[in-house]
Amino acid sequence: MGVFNKSNKRASSSGATIIAAGTCIIGGISTKGTVHIDGKFEGVILEADSISVGASGEIIGDIKANNLTVNGLVDGKLDCNKVEILAQGKVIGEMKYNELIIETNGKFEGHGIQKDSELKSRYNEIENKINNIVVSPSAIAHDKA
């Protein structure tokens with residue numbers, strides 16, 4: 001299968017990029033296809049339609065993809081439409097998503113935000129009110145002196 005067609009423009013392909021167990025790649029991947037990782041990848045993955053991380057797979061870096069399925073480890077910044085963390089999967093970092101599924105025993109540690117969410121937190125507003133009411137013990141001791 002050729003990479004270029006007769007007009008010397010890049011031909012589209014729907015093949016998969018596979019990083020096998022025992023392989024470590026540092027760099028970047030830009031593909032409209034699928035990526036499957038059983039080895040280790042450090043870097044950036046852009047534009048992928050689907051990324052799957054096997055039980056022995058590891059990604060450390062930035063990911064922008066349509067779908068991400070994690071059964072291994074992902075550590076970094078994610079921007080995906082659908083993120084699925086399977087039972088053995090672990091995701092650490094910052095995540096933007098439209099749909100998030102975490103199976104029982106799947107783990108997510110970090111900050112997640114749903115894209116285009118209409119939910120807005122009022123916690124900071126309430127925290128400021130609480131901080132204005134609560135007087136610290138050191139302030140009371142200072143006032144008595």
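This is a chat about a predicted model of one protein chain.

Visitor: Before we start, what sort of model is it, and how are residues numbered?

Guide: It's a predicted model, where local features need pLDDT of at least 70, side-chain atom pairs count only at pLDDT 80 or more, and totals for chains, interfaces and linings use all residues. Residues are numbered from 1 along each chain as its sequence is written, and side-chain values use heavy atoms, with hydrogens and water left out.

Visitor: What's the average pLDDT?

Guide: The chain averages 86, and 82% of the residues score at least 70. pLDDT is the predictor's confidence in each residue, from 0 to 100.

Visitor: Where does pLDDT stay under 50?

Guide: Over residues 1–12, for which the model has eight contacts beyond four places in sequence. A contact means heavy atoms within 4.5 Å. Where pLDDT is low, the predicted coordinates should not be read in detail.

Visitor: OK, the fold. How many helices and strands?

Guide: Two helices and nine strands, in the order β-β-β-β-β-β-β-β-β-α-α along the sequence. Those are DSSP runs numbered from the N terminus: helices are H or I with at least four residues, strands are E with at least two.

Visitor: Which strands pair with strand 3?

Guide: Strand 1 (residues 16–19) pairs with strand 3 in the parallel sense over four bridges, and strand 4 also runs parallel to strand 3, joined by four bridges. Pairing here requires DSSP to find at least two bridges between two strands.

Visitor: Which residues face each other there?

Guide: Ile18 stands opposite His36 of strand 3, while Val35 has Ile51 in strand 4 as its bridge partner.

Visitor: And which side chains of strand 3 are buried?

Guide: Val35 and Ile37, which point to one face; Thr34 and His36 point to the other and are not buried. Buried means under 20% relative accessible area, exposed means over 50%, and partly exposed is in between (1.4 Å probe, protein chains only).

Visitor: How much of the whole chain is buried?

Guide: Of its 145 residues, 24% count as buried. The chain exposes about 9,800 Å², with carbon and sulfur atoms supplying 52% of that. Those areas come from the Shrake-Rupley method with a 1.4 Å probe; for residues, only the protein chains shown count as cover.

Visitor: Switching to Thr31: where is it?

Guide: In the loop between strand 2 (24–30) and strand 3 (34–37). Thr31 counts as buried because its relative accessible area is 16%. A polar atom of its side chain lies 2.9 Å from the backbone nitrogen of Gly33.

Visitor: What is Thr31 in contact with, leaving aside neighbours within four places in sequence?

Guide: Leu46, Glu47, Ala48 and Asp49. Ala48 sits in strand 4 (residues 40–53); Ala48 and Thr31 are 17 residues apart in sequence and 5.0 Å apart in space, C-alpha to C-alpha.

Visitor: Why does Ala48 count as buried?

Guide: Because its relative accessibility is 2%. With the same neighbours left aside, its contacts include Val35, Lys64 and Ala65.

Visitor: What about Gly61? Which strand?

Guide: Strand 5 (residues 58–70). Gly61 is buried, with a relative accessible area of 15%, and contacts Gly43, Asp75, Gly76 and Lys77 once neighbours within four places are left aside.

Visitor: Last one: how many disulfides?

Guide: Zero, where a disulfide would be a pair of cysteine sulfur atoms within 2.5 Å. Cys24 is partly exposed at 47% relative accessible area, whereas Cys80 is buried at 0%.

Notes
A polar contact is a pair of N or O atoms within 3.5 Å; within protein, one must be able to donate a hydrogen and the other to accept it, and residues adjacent in sequence count only if both atoms are side-chain atoms.
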